[in-house]
Amino acid sequence: GTVLSENKFEPKHAIILRNRDELNIPLLLDPIPTPKAFRDAIESLSPEQKAFAQAFRQMQLAGTMFALCVVEIKPQLEKLLNLPPNSLTKE
């Protein structure tokens with residue numbers, strides 16, 4: 001997803017899990033250089049190379065966010081259908 005502002009997140013992918021479903025999400029944990037280390041690394045590059053490196057870094061930074069949001073579907077569905085609480089729960 002994309003962070004739009006300090007309190008807004010636009011998700012790109014979602015998955016619904018239920019009961020005892022499990023999900024394994026492999027994450028790439030390659031470190032990205034700090035702003036100072038990046039500036040130091042591109043300092044001696046030509047203007048074209050510097051522009052490319054900066055564009056590539058922006059692409060990296062745009063894709064480094066991982067967010068997890070848990071939304072309980074049953075309570076929301078009950079509200080939407082005007083059902084009493086826990087009416088969709090199996091006994």
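Visitor: How many aromatic pairs does the count come to in this structure?

Guide: Rings count as a pair if their centres lie within 6.5 Å. In this predicted model, the count by that rule comes to 1 aromatic pair, formed by phenylalanine 52 and phenylalanine 56, which are stacked at 6.3 Å centre to centre with 25° between the planes.

Visitor: Where in the helix do phenylalanine 52 and phenylalanine 56 sit relative to each other, and is phenylalanine 52 buried or exposed?

Guide: The two residues are 4 apart in helix α2, so about one helical turn separates them. Phenylalanine 52 is exposed, with a relative accessible area of 60%, while phenylalanine 56, at 39% relative accessibility, counts as partly exposed.

Visitor: Which residue lies over the face of phenylalanine 38?

Guide: That residue is arginine 57, at 4.7 Å from the ring centre of phenylalanine 38.

Visitor: What is the volume of the largest pocket, and which residues are closest to its centre?

Guide: Rolling a probe the size of a water molecule over the atoms shows where empty space is left. Here the largest pocket has a volume of about 1800 Å³, and of the 40 residues that line it, His13, Ile25, Phe66, Ala67 and Leu68 are the closest to its centre. The elements giving two or more residues to this lining are α2 (47-62) and α3 (73-80), and the lining residues divide into 27 nonpolar, 7 polar and 6 charged.

Visitor: Which element has the lowest mean pLDDT?

Guide: Where pLDDT is low, the predicted coordinates should not be read in detail. The chain averages a pLDDT of 85, and 98% of the residues score at least 70; among its elements, strand β1 (residues 2-5) has the lowest mean, 76, and helix α1 (residues 35-42) the highest, 94.

Note on methods. Residues numbered from 1 in each chain as written. Predicted model: local features only at pLDDT ≥ 70, side-chain atom pairs only at ≥ 80, totals over all residues. Heavy atoms only, no water. 1 Å grid on protein atoms, 1.4 Å probe; cavity = no way out; pocket = protein on both sides within 12 Å on 5 of 7 lines; lining within 4 Å. Points joined across faces, edges and corners; volume = space filled by probe spheres on them. Nonpolar A, V, L, I, M, F, W, Y, C, P; charged D, E, K, R; others polar. pLDDT = per-residue confidence, 0-100. Phe/Tyr/Trp six-rings, centres within 6.5 Å; stacked < 30°, edge-to-face > 60°. Buried < 20%, exposed > 50% of the residue type's maximum accessible area, 1.4 Å probe, protein only. Lys NZ or Arg CZ within 6 Å of the ring centre and 35° of its normal.
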